[in-house]
Amino acid sequence: MQLDKVDLNLLRYLDSLLREQNVTHAANQLGITQPAMSNGLRRLRDLFHDPLLVRTSDGMMPTALATQLQPRVQLILQSVDEVLHLGQSFDAESSTRVFRIMASDYAEATLIPPLMERLQTGAPNAILDVMNPSDVNFHDVEKGKVDLVINRFDALPQSFHQKLVWVDRFSCLVPKNSPYAENFTLEAYLEAQHVWVSKTGFGVGVGIQPAEVQKLGWVDSTLANLGHKRNIRLFTRNYNVAMRTSQQLGLIVTLPSLATRLMERTDEVVLLEPPFEIPPVELKMLWSPLLQHDPGHMWLRSTISECANVIAESNRL
């Protein structure tokens with residue numbers, strides 16, 4: 001195979017076909033017609049002497065050769081992208097770019113407002129589109145349709161780039177007039193009624209099974225290891241709802257400290273340390289390798305890191 005006889009655009013076609021495993025979807029991703037993509041697949045099959053994608057009852061599936069090619073093709077395209085971006089710059093002051101960020105409720109409440117303040121000053125014409133975890137899946141991020149994901153994760157795909165935003169500990173919102181506020185022991189904590197807030201991830205969520213405490217997150221898995229279980233009366237996916245419920249209905253809420261501090265000026269609740277040790281939570285941002293060398297994306301990541309550092313230092317995280 002001679003390189004001067006190969007159309008390197010075919011590698012973009014192959015990358016898209018292997019990501020989508022659908023000719024029409026791959027064509028839409030690259031902004032070409034379905035016949036053009038079909039023709040590209042035919043040329044790829046001739047080039048590699050392999051069908052690459054085979055139709056099965058489960059849809060188009062990659063062949064063994066295609067599976068071996070995929071990471072190599074992605075590496076080549078990333079290298080080309082890096083070369084093409086050398087010497088380019090991002091003019092934040094004049095940019096009208098839309099940055100799409102998937103953020104958990106925790107990240108949106110604590111990080112996005114100060115980040116938006118920075119954008120209003122440094123990139124006054126840029127637009128921030130904040131999406132919910134249920135709006136996004138890993139494939140959207142992998143394809144670069146979403147610029148960044150900011151959340152807490154148990155596990156991450158190895159192909160994604162990631163960076164720690166901050167490490168936060170937990171605090172409890174306790175009604176000020178509650179008898180537990182004066183004597184906040186483990187026994188009091190277990191006796192009280194609680195609000196649970198989801199550690200949201202990707203995709204559409206499922207209903208909670210209260211009996212499966214080991215699957216409910218950091219707080220409840222820690223209690224389970226101690227042989228205890230808290231009395232959860234409300235399950236919610238919204239931090240603001242959880243905090244308002246503590247204020248209005250007298251339930252205890254255990255959340256990352258930066259979130260609870262949003263209620264510091266409220267007279268009806270007090271902030272207390274949990275009466276047992278909970279492992280700290282790591283907030284991370286991750287992004288597709290396709291965006292690693294994009295100047296605008298690099299500027300966004302740097303801006304978020306600077307903003308997060310100020311928040312962490314001011315709150316002594």
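Helices in this report are DSSP runs of H or I with at least four residues, and strands are E runs of at least two, numbered from the N terminus. The structure is a predicted model.

## The chain and its loop between H3 and E1

The protein chain has 12 helices and 12 strands. Of its 317 residues, 44% are buried. Among contacts in the chain with a separation of 6 or more, 76% are accounted for by residues 24 or more positions apart.

The loop between helix H3 (34-48) and strand E1 (53-56) contains His49, and Leu52 lies in this loop as well. Most residues other than glycine have a negative phi. His49 has a positive phi, near 55 degrees, and Leu52 also has a positive value, near 65 degrees. In accessibility the two residues fall into separate classes. His49 has a relative accessible area of 71% and is therefore exposed, the cut-off being over 50%. Leu52 has 0% relative accessibility and so counts as buried, for which the limit is under 20%.

## Helix H1

Helix H1 covers residues 9-20, which is 12 residues, and spans 17 Å from its first C-alpha to its last, close to the 16 Å expected at 1.5 Å a residue. The helix is mostly covered, with 10 of its 12 residues buried. The buried set comprises Leu10, Leu11, Tyr13, Leu14, Asp15, Ser16, Leu17, Leu18, Arg19 and Glu20. Charged side chains thus appear in the list beside leucines, including Asp15, Arg19 and Glu20.

Asp15 belongs to H1 and counts as buried because its relative accessibility is 9%. Apart from neighbours within four places in sequence, Asp15 is in contact with Val73, Gln74 and Leu77. Just after H1, Gln21 takes a positive phi of about 50 degrees.

## Helix packing

Two packed helices are described by the angle between their axes and the distance between the axes. Two such pairs are set out below.

| Helix pair | Angle between axes | Distance between axes |
|---|---|---|
| H2 (residues 23-30) and H3 | roughly 110 degrees | within 8 Å |
| H6 (residues 112-122) and H12 (residues 295-314) | about 125 degrees | 10 Å |

For H2 and H3, the axes cross at roughly 110 degrees. This value lies in the range of 65 to 115 degrees, so H2 is roughly perpendicular to H3. On the H2 side, the residues that meet H3 are Val23, Thr24, Ala26, Ala27 and Leu30; their partners in H3 are Gln34, Met37, Ser38 and Leu41.

For H6 and H12, the angle is about 125 degrees. The pair therefore counts as oblique, and its crossing is right-handed. Pro114, Leu115, Arg118 and Leu119 of H6 meet Trp299, Thr303, Ile304, Glu306, Cys307, Val310 and Ile311 of H12. An α-helix has 3.6 residues a turn, so residues three or four places apart point the same way.

## Aromatic pairs

The structure holds eight aromatic pairs. One of them joins Tyr106 and Trp166, whose ring centres are 6.4 Å apart and whose planes stand at 70 degrees, so the pair is edge-to-face. Tyr106 lies in helix H5 (residues 105-110) and Trp166 in strand E6 (residues 161-168), so the pair ties together parts that are 60 residues apart in sequence. Tyr106 and Trp166 are both buried.

A second edge-to-face pair is formed by Phe184 and Tyr189: the ring centres are 5.9 Å apart and the planes are at 65 degrees, which is over the 60 degrees that this class requires. Phe184 and Tyr189 are likewise both buried.

Phe90, Phe99 and Trp299 form one aromatic cluster. Trp299 is also among the H12 residues that meet H6, and thus this ring has a place both in the cluster and in the helix packing described above.

## Strand E9

Ile232 is found in strand E9 (residues 231-236). Its relative accessible area is 16%, so Ile232 is buried. Ile232 and Ala192 are 40 residues apart in sequence, and their C-alpha atoms are 8.9 Å apart in space.

Methods. Residues numbered from 1 in each chain as written. Predicted model: local features only at pLDDT ≥ 70, side-chain atom pairs only at ≥ 80, totals over all residues. Heavy atoms only, no water. Phe/Tyr/Trp six-rings, centres within 6.5 Å; stacked < 30°, edge-to-face > 60°. Buried < 20%, exposed > 50% of the residue type's maximum accessible area, 1.4 Å probe, protein only. Expected span 1.5 Å × (residues − 1). Contact = heavy atoms within 4.5 Å. Axes fitted to C-alpha atoms, helices over the stretch in contact; angles between N-to-C directions. Parallel < 35°, antiparallel > 145°, perpendicular 65-115°, else oblique. Left-handed = near helix turned anticlockwise from the far one by under 90°.
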